[in-house]
Amino acid sequence: MEKIKLARGDITKMEVDAVVNAANSSLMGGGGVDGAIHRAGGPAILEECKQIRAECGKCPTGQAVITTAGNMPARKVIHTVGPIWGHHSEKDSERLLADCYRNSLKLAEANGLKSVAFPNISTGVYGFPKDKAAKAAIQAVKEFLGSGSSIESVYFVCFDEENFHLYNALLTTNN
Ligand code: AR6
């Protein structure tokens, strides 16, 4: 599907309408890509996250919220919370991970955003097996884009080599 693109590197540098953050349900920041996004975007992101926490409470697994992207080239950050591997059945984990991609794209659409960059949600600290995560992510995005979406491009931004090779193989064989 030509709307789906593969990129390698640091998601904080992406010139897209929205970068997605692999957050935790506190929305208060953390390590990995979450730390990188808050560092690159600056304190305005945390300020908005605090406001969301005050109004809506914690962000449940699979759900997504939106803030400014602060100093990053992107316009917005969509924060989603991936499942922690081992906390749910395998089937539920795959469904919750797919929810992250679907709900992030829904939120992008609702905000009139056309290009979205995703990191490989849950495949770092949260320990989701990378091959299973890549399959679930690609399937969820393809289904979403296939059902009449206003989103024009979705980037899978792979930071590590293993994910990049997995996505490269899956996207070239499935296209
Ligand atoms: N750009 C793109 N991808 C990145 C970057 C970056 N700058 N840095 C890391 N990755 P992780 P999770 C990749 O651990 O597993 C945080 O502490 C990384 O190689 O960031 O969903 C949160 O606050 C990996 O493939 O997120 C949560 O507590 C992917 O991003 C928890 O970690 C996801 O790894 C979330 O864990």
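**Pocket**

I started with the largest pocket, and its volume comes out at about 550 Å³. This is a predicted model, where local features need pLDDT of at least 70, side-chain atom pairs count only at pLDDT 80 or more, and totals for chains, interfaces and linings use all residues. Residues are numbered from 1 along each chain as its sequence is written, and side-chain values use heavy atoms, with hydrogens and water left out.

My note on the method: on a 1 Å grid over the protein atoms alone, a pocket is an open set of points where a 1.4 Å probe fits, with protein on both sides within 12 Å along at least five of seven lines, and lining residues have an atom within 4 Å of a point. Grid points are joined across faces, edges and corners, and the volume is the space filled by probe spheres set on the points.

Which residues of the lining are the closest to the pocket's centre? I found A22, G32, V33, D34 and G124, out of 25 lining residues. By type, the lining divides into eleven nonpolar, eleven polar and three charged residues (Ala, Val, Leu, Ile, Met, Phe, Trp, Tyr, Cys and Pro count as nonpolar; Asp, Glu, Lys and Arg as charged; the others, Gly among them, as polar). Both β2 and α1 (32–41) supply at least two lining residues, and α1 has the largest share with four. Helices here are DSSP runs of H or I with at least four residues, strands are runs of E with at least two, and numbering goes from the N terminus.

**Helix α1 and what follows**

I then looked at α1 itself. Its buried residues are D34, G35, A36, I37, H38 and G41; buried means under 20% relative accessible area, exposed over 50%, and partly exposed in between, with a 1.4 Å probe and protein chains only. Those buried residues pack against β2, α2 (43–56) and β4 (76–81). Just after the helix, G42 takes a positive phi of about 90°.

**Positive phi outside glycine**

Most residues other than glycine have a negative phi, so I noted two that do not. L27 has phi near 60° and sits in the loop between β2 and α1. S122 has phi near 75° and belongs to the loop between β5 and α4. Are these two buried or exposed? L27 is buried at 2% relative accessible area, and S122 is buried at 5%.

**Cores**

Next came the largest nonpolar core, which has 33 residues. A nonpolar core is a set of buried Ala, Val, Leu, Ile, Met, Phe, Trp, Tyr and Cys residues joined through side-chain atoms within 4.5 Å. The members touching the most others are Y101, L105, F118, V141, I151, F156 and Y167. Two or more residues each come from β2 (18–23), α3 (90–110), β5 (115–118), α4 (130–146), β6 (153–158) and α5 (161–174). The largest share, nine residues, is from α4.

I picked Y101 for a closer look. Leaving aside neighbours within four places in sequence, Y101 is in contact (heavy atoms within 4.5 Å) with F118, P119, N120, I121, A137, A140, V141, F156 and Y167. There is also a second, separate core of 20 residues, and L27 is among them, along with I45, C49 and V81.

L107, in helix α3, was my other contact check. With neighbours within four places in sequence left aside, L107 contacts A64, V65, I66 and I78. L107 and A64 are 43 residues apart in sequence but 7.4 Å apart in space, C-alpha to C-alpha.

**Cysteines**

How many disulfides are there? The count is zero, taking a disulfide as a pair of cysteine sulfur atoms within 2.5 Å. C56 has no partner because the closest cysteine sulfur, in C59, is 9.0 Å away, too far for a bond. C59 is in no disulfide either; its nearest cysteine sulfur, that of C100, is 8.5 Å off. C56 counts as exposed at 58% relative accessibility, whereas C59 is buried at 3%.

**Two distances**

A169 lies in helix α5 and is partly exposed at 41% relative accessible area. From A169 to A36 I get 27 Å, C-alpha to C-alpha, with their places 133 residues apart in sequence. S89, in the loop between β4 and α3, is partly exposed at 38%. S89 and N103 are 14 residues apart in sequence and 20 Å apart in space, again C-alpha to C-alpha.
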